[in-house]
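Student: Can we go through this one together? I'd like to start with how the helices pack, then look at the cysteines.

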Amino acid sequence: MHLVTSTSELADIIRNGGVIAYPTEAVWGLGCDPFNEAAVRRILTLKSRPEEKGLILIAGAQEELTPWLETLDAHAAQRLISVNDTPTSWVVPDTHITPSWVRGEHQSVAIRLSQHLPVQRLCQAFQGVIVSTSANPAGLEPALSAEEVHAYFGDKIDAIYHAPLGGASKPSQVRDILTDQLFRV
């Protein structure tokens with residue numbers, strides 16, 4: 001198990017097309033550069049996840065969301081950067097920023113501004129958003145520890161970020177940024 005504490009080392013792995021596991025607010029996630037098609041396809045294969053479902057992106061700071069913020073009205077933009085008691089991924093209209101291999105069959109992408117310090121540090125080191133999908137093969141429960149990540153994926157991922165999970169009791173809710181419709185509780 002390749003445990004890494006250095007966010008700059010993890011960012012280099014991501015920049016070089018690698019796939020990492022990292023702790024999110026509630027569960028472990030798999031991440032990569034969303035603009036690297038081969039890396040995203042590797043995650044889809046690891047999870048046995050159909051591409052058409054799409055993937056969530058995660059940011060650690062408002063600046064990383066600039067391309068999407070520029071497409072939203074003031075009310076929707078405020079929702080995207082708001083701090084919520086419950087981790088919230090917002091479904092944002094998008095056909096020109098995020099690649100189709102991340103959006104799937106959708107004309108939108110789900111994006112979360114994380115309040116979890118390890119995620120913030122990772123995105124800051126990478127200088128951008130990364131893919132955020134639960135670290136588990138389809139049909140199995142999301143990993144709650146680095147050991148579970150390793151049991152699921154072994155050496156098929158490039159590194160595991162040695163940092164703690166956040167205190168949330170379940171993965172992020174998913175809401176439409178324009179209507180506030182709840183897609184996932």
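Student: At what angle do helix H1 and helix H6 pack?
Tutor: This is a predicted model, so keep that in mind. In it, H1 (residues 7-15) and H6 (residues 117-126) pack at an angle of about 55 degrees. Their axes are 8 Å apart.

Student: What do we call H1 and H6 to each other, then?
Tutor: Oblique. An angle of about 55 degrees is not under 35 degrees, and it is not in the 65 to 115 range for roughly perpendicular.

Student: Is the crossing left-handed or right-handed?
Tutor: H1 passes H6 in a right-handed crossing.

Student: Which residues in H1 and H6 meet?
Tutor: From H1, they are Thr7, Ser8, Leu10, Ala11, Ile14 and Arg15. From H6, they are Arg121, Leu122, Ala125 and Phe126.

Student: How many of the residues in that contact of H1 with H6 are nonpolar?
Tutor: Six are nonpolar. Two are polar and two are charged.

Student: New topic. How many disulfides are there?
Tutor: The count comes to zero. Cys32 is in no disulfide. The nearest cysteine sulfur to Cys32 belongs to Cys123, 12 Å away.

Student: Why is there no bond from the sulfur of Cys123 to Cys32?
Tutor: The sulfur of Cys123 is too far from its closest cysteine sulfur, in Cys32, for a bond. A disulfide needs the two sulfur atoms within 2.5 Å.

Student: Is Cys32 buried or exposed?
Tutor: Cys32 counts as buried because its relative accessibility is 0%.

Student: And Cys123, buried or exposed?
Tutor: Cys123 has 0% relative accessibility, so Cys123 counts as buried.

Notes:
Residues numbered from 1 in each chain as written. Predicted model: local features only at pLDDT ≥ 70, side-chain atom pairs only at ≥ 80, totals over all residues. Heavy atoms only, no water. Axes fitted to C-alpha atoms, helices over the stretch in contact; angles between N-to-C directions. Helix = DSSP H or I, 4+ residues; strand = E, 2+ residues; numbered from the N terminus. Parallel < 35°, antiparallel > 145°, perpendicular 65-115°, else oblique. Left-handed = near helix turned anticlockwise from the far one by under 90°. Contact = heavy atoms within 4.5 Å. Nonpolar A, V, L, I, M, F, W, Y, C, P; charged D, E, K, R; others polar. Buried < 20%, exposed > 50% of the residue type's maximum accessible area, 1.4 Å probe, protein only.
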